Amino acid sequence: VADPLGWVAPALEGLEADGLRRRLRHRGEEPAPAPLDLSGNDYLALSRDPRLAAAAAGAAARWGAGAGASRLVTGGTALHRDLEEALAAWKGAEAAIAFSSGYLANTGTIPALVGPGDLVVSDAWNHASIVDACRLSRAEVAVVPHGDVDAVRAALRAGARPGRRLLVAVDGVFSMDGDTADLPALCDAAEEVGAVVLVDDAHGGGVLGPDGRGTPAAQGCADRVHVHVGTLSKAVGAAGGFVVGRGDLVEWLRNRARTFVFDTAPPPPVVGAALAGIGLARAEPWRRERALAAARRLAAGLAALGHDVAPPAACVVPLLVGSPGTAVAASAALEAQGLRVVAIRPPSVPPGTSRLRFTTSAALSDADVDAALAAVGRALDRVGRP
Ligand SMILES: Cc1ncc(COP(=O)(O)O)c(C=O)c1O
C-alpha cells in the first residue's frame with residue numbers, strides 16, 4: 001500500500017525550492033561569541049535575569065515543577081492567584097485570568113465571547129492566534145484592511161442586528177510591522193453599535209504607556225478596551241498569557257474559556273518567574289526606555305541608509321526586502337557578521353513582503369545599534385539592496 005504520509009517529503013522539498021523552508025535553531029550551540037540578538041521578543045532583557053531564575057527555582061521548590069491539574073481541578077496555587085492579582089493591579093483592571101500562553105488566551109477568550117451567528121471584525125494583519133480564535137468561535141468574521149477604521153465601522157454597521165454580539169479584535173502593536181492600532185478611533189466605532197473591543201497587546205505590554213501598562217494606556221483608552229489580552233513571554237521574560245478586564249468578564253472566562261478549563265495550570269516555576277518579571281518591569285523603567293531608544297536609533301539609522309523605515313511605535317522595526325530568497329540571504333550575511341536577525345517570510349507575512357524583522361531590547365547599547373547598522377549596510381550591499 002502507498003505510504004499515507006508520502007506527500008510530506010515532496011511538500012518539504014517544495015518549501016525548500018520556494019525559499020520557505022524553516023529550520024530550528026539551537027541557541028547556545030553556535031560558535032562563540034553568541035550573535036547579538038536583534039530578533040527576539042525579550043524586550044526588557046528579563047528572560048535571563050538571575051532574579052527570574054531564582055524566583056522560578058524558589059517556586060519549583062515550594063510548589064513543584066508542574067501544576068499537576070487544571071486550575072478548576074487541583075492545579076491552582078496561591079502563586080497563580082498572586083499572579084492574577086499582580087496583573088490586575090498593574091493594568092489597573094478589576095480582575096485578571098492567567099492562561100498557559102498568549103496563544104491560548106486568544107483561542108480561549110474569543111470563542112467564549114462570540115459564537116455562531118455573531119460577528120467578529122478583525123484587522124487583516126492580526127496575529128495568527130486571533131485568526132485561529134475567530135475560526136474556532138464559528139462566528140462570522142469580517143477581515144478588514146489593515147488599520148482601516150472606516151472599514152471597521154462599515155462592517156460593524158452592516159452586521160449589527162438586535163441580539164447579535166459584535167466584537168472588534170485587534171493587535172495593539174502589530175508584530176511583523178511594528179505599528180500600533182488606532183485604539184481610540186476603534187473604540188469610537190465600536191461604541192456606536194455596542195461592540196466589545198479586544199486588544200491583543202503582546203508587543204506593547206511592558207514597553208509602552210505609563211508604567212509599561214501597554215498600548216491602551218499609552219493611547220489613553222484603557223477604560224474603553226473591554227478585553228485586554230497579553231503575554232508573559234515577551235517583555236515579562238517568562239511564559240503564559242492573560243486577560244484583564246471586568247470582574248464578570250473574567251469570571252465568565254474562568255467558566256467558559258476552553259483553553260483555561262481544559263488546560264493544565266501554568267507550571268509554578270513559570271508563574272514565579274512571571275511574577276518576578278512583572279515586578280522588575282515596573283520597578284526598572286530604564287529597561288523600556290532603553291529598548292525604545294534603541295528602536296528609534298535603529299530605525300533612524302536604517303532610514304539614513306536610504307531604506308523606507310518609519311519611526312517605530314514600539315520595539316519592532318521591519319526592513320522589507322521583497323523575496324524570501326533575498327531575506328534569507330541577507331539574514332545569513334548578517335549572521336556571518338555576528339548578528340541574529342531573522343528573515344520573515346510568507347505565511348507569516350503577505351507574499352512579496354519578506355523582510356528582515358529587527359527587534360530591540362534593553363540589552364542593546366547605542367554602540368550595539370551602530371554596529372548593527374554598519375553590518376546591515378554591508379550585508380545588503382552583498383545580497384542586493386531592496
Ligand atoms: C500579537 C501576538 N499575540 C499572541 C502571541 C502568542 O503569545 P505566546 O507566545 O505567549 O503564546 C504572539 C506571539 O507569540 C503575538 O505576537
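**Pockets, a ligand and two cavities**

Okay, so let's start with some secondary structure: α5 (102–113), β3 (119–123), α6 (128–137), β4 (140–144) and β7 (227–231) each put at least two residues into the lining of the second largest pocket. Keep in mind that this is a predicted model.

Who gives the most there? That's α6, which has the largest share of that lining with 5 residues. In total, 37 residues line the second largest pocket, and if you look for its centre, the residues nearest to it are Trp125, Asn126, His127, Ala128 and Ser129. The space inside comes to about 670 Å³. By class, the lining of this second largest pocket splits into 15 nonpolar, 15 polar and 7 charged residues.

Now, the reason I opened with that pocket: the space the ligand takes up is the second largest pocket. So which residues are closest to the ligand? Of the 14 residues that surround the ligand, the closest are Gly102, Asp200, His203, Thr231 and Lys234. That shell has 9 polar residues, 3 charged and 2 nonpolar.

Let's go through some polar contacts. On the nitrogen side, a ligand nitrogen is 2.5 Å from an N or O atom in the side chain of Asp200. Then on the oxygen side, Lys234 has a polar side-chain atom 2.8 Å from a ligand oxygen, and the side chain of Ser233 has an N or O atom 3.2 Å from an oxygen atom of the ligand. As for how covered the ligand is, on its own it has 380 Å² of accessible area, and the protein covers 84% of that.

Right, over to the largest pocket, which holds about 1600 Å³ of space. Here 42 residues make up the lining, and Asp37, Ser39, Gly40, Arg340 and Val342 lie nearest the centre. Which elements supply at least two residues each? Those are β1 (36–37), α14 (324–336), β11 (343–344) and β12 (354–359). The largest share is from α14, with 4 residues. On chemistry, the lining of the largest pocket has 15 charged, 15 nonpolar and 12 polar residues.

Last topic, the enclosed spaces. How many cavities of 30 Å³ or more are there? The structure holds 2 of them.

The largest cavity has a volume of about 60 Å³. Its lining runs through Trp90, Lys91, Asp201, Ala202, Gly205, His228, Gly230, Thr231, Ala235, Val236 and Phe242. Two elements, α4 (78–91) and β7, each give two or more residues to that lining, and β7 gives the most, with 3. Notice that Thr231 lines this cavity and is also one of the closest residues to the ligand. Likewise β7 turned up earlier, in the lining of the second largest pocket. By class, the largest cavity is lined by 5 nonpolar, 4 polar and 2 charged residues.

And the second largest cavity? That one has about 30 Å³ of space. Around it you'll find Arg71, Ala98, Phe99, Ser100, Thr259, Phe260, Asp263, Thr264, Ala265 and Pro266. The elements with two or more residues in this lining are β2 (95–99) and α11 (258–261). Its residues come out as 5 nonpolar, 3 polar and 2 charged.

So, to take away: the ligand takes the space of the second largest pocket, and Asp200, Ser233 and Lys234 reach it with polar side-chain atoms. Happy to go back to any of these on the screen.

Definitions and conventions
Residues are numbered from 1 along each chain as its sequence is written. This is a predicted model: local features need pLDDT of at least 70, side-chain atom pairs count only at pLDDT 80 or more; totals for chains, interfaces and linings use all residues. Side-chain values use heavy atoms; hydrogens and water are left out. On a 1 Å grid over the protein atoms alone, a cavity is a set of points where a 1.4 Å probe fits but cannot get out, and a pocket is an open set with protein on both sides within 12 Å along at least five of seven lines; lining residues have an atom within 4 Å of a point. Grid points are joined across faces, edges and corners, and a volume is the space filled by probe spheres set on the points. Ala, Val, Leu, Ile, Met, Phe, Trp, Tyr, Cys and Pro count as nonpolar, Asp, Glu, Lys and Arg as charged, and the others, Gly among them, as polar. A residue is near a molecule or strand if one of its heavy atoms lies within 4 Å of it. A polar contact is a pair of N or O atoms within 3.5 Å; within protein, one must be able to donate a hydrogen and the other to accept it, and residues adjacent in sequence count only if both atoms are side-chain atoms. Accessible areas come from the Shrake-Rupley method with a 1.4 Å probe; for residues, only the protein chains shown count as cover. A molecule sits in a cavity or pocket if more than half of its atoms lie within 2 Å of its grid points.
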